[in-house]
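Colleague: I am new to this structure. Please show me how to read its features.

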Amino acid sequence: MAEKHNAHEKGYEDYHLKIGPILAATAGIIFIAILSFIAMWAMFLGLEQAVIYMTDDPPPMAAHQKPYQGPLIQTVPSAELTQVRAETNRTLTEYGWVDRDAGIVHLPIERAIDLVLERGFPVRE
């Protein structure tokens, strides 16, 4: 008690540093760092093995990609709009094949309405 009183009078605390928890925390940090290094080393070895098994075949989705044909810029928008409207009008007013092999055709819209009114809509049974 006399020492604490003397230390307080001297202007500093009489506090003894406990080195045990500091050493335990330091050892834990070093252990985690070593464990992380081992995990990364194992991961890189695994990735190297994965590269060995990779083939030169292109990815499956690459076969369905169209080659790049340049930017899609409308040089004459009014002419393209006229062309699209003409194609749409032709599809709605003329007979034609959608898929000849499957036997799918398109009809003029008026004829399709008449057929639906004659036959009715399909009903689930």
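What follows is a short dialogue on reading this predicted model.

Colleague: Let us begin with the fold. How many helices and strands does the chain have?

Modeller: Count the elements, then put them in order. The chain has four helices and two strands. Starting at the N terminus, they run α-α-α-β-β-α.

Colleague: Is the chain compact or spread out?

Modeller: Compare the radius of gyration with the globule rule. For 125 residues the rule gives 14 Å. The chain has 40 Å, well over that, so it is more spread out than a compact globule.

Colleague: What box do the C-alpha atoms fill?

Modeller: Take the box along the principal axes. Here it is roughly 110 × 50 × 45 Å.

Colleague: Which pairs of residues show separation in space? I would like examples.

Modeller: Set the gap in sequence beside the gap between C-alpha atoms. Leu-117 and Tyr-15 are 102 residues apart along the chain, and their C-alpha atoms are separated by 98 Å. Ile-52 and Gly-96 lie 44 residues apart in sequence; from C-alpha to C-alpha they are 53 Å apart.

Colleague: What share of the residues is buried?

Modeller: Buried means under 20% relative accessible area. In this chain, buried residues make up 3% of the 125. The accessible surface comes to about 12,400 Å², and carbon and sulfur atoms hold 64% of that.

Colleague: Now single residues. Is Leu-117 buried or exposed?

Modeller: Over 50% counts as exposed. Leu-117 has a relative accessible area of 67%, so it is exposed. Leu-117 belongs to helix H4, residues 109-119.

Colleague: And where is Ile-52?

Modeller: Ile-52 sits in helix H2. Its relative accessibility is 57%, so Ile-52 also counts as exposed.

Colleague: How should I class Ile-34, as exposed or partly exposed?

Modeller: Use the cut-offs again. Ile-34 has 47% relative accessibility, so it counts as partly exposed. Ile-34 is in helix H2, which covers residues 19-53.

Colleague: Which residues form the nonpolar patch on the surface?

Modeller: Ile-34 is one of them. The others are Ile-30, Phe-37, Ile-38, Met-40, Trp-41, Met-43, Phe-44, Leu-45 and Leu-47. Together the patch residues have about 1,000 Å² of accessible area.

Colleague: Last, the charges. How far apart are the mean positions of the positive and negative charges?

Modeller: Find the mean position of each sign, then take the distance. The chain has 10 positive and 16 negative charges, and their mean positions are 5 Å apart.

Definitions and conventions
Residues are numbered from 1 along each chain as its sequence is written. This is a predicted model: local features need pLDDT of at least 70, side-chain atom pairs count only at pLDDT 80 or more; totals for chains, interfaces and linings use all residues. Side-chain values use heavy atoms; hydrogens and water are left out. Patches are made of residues with over 30% relative accessible area and no salt bridge: like charges are joined within 9 Å, nonpolar side chains (Val, Leu, Ile, Met, Phe, Trp, Tyr) within 5 Å. Accessible areas come from the Shrake-Rupley method with a 1.4 Å probe; for residues, only the protein chains shown count as cover. A salt bridge is a side-chain nitrogen of Lys or Arg within 4 Å of a carboxyl oxygen of Asp or Glu. Buried means under 20% relative accessible area, exposed over 50%, partly exposed in between (1.4 Å probe, protein chains only). The radius of gyration is taken over C-alpha atoms; the globule rule is 2.2 Å times the number of residues to the power 0.38. Lys and Arg count as positive and Asp and Glu as negative; His and the chain ends are not counted. The place of a charge is taken as NZ of Lys, CZ of Arg, CG of Asp or CD of Glu.
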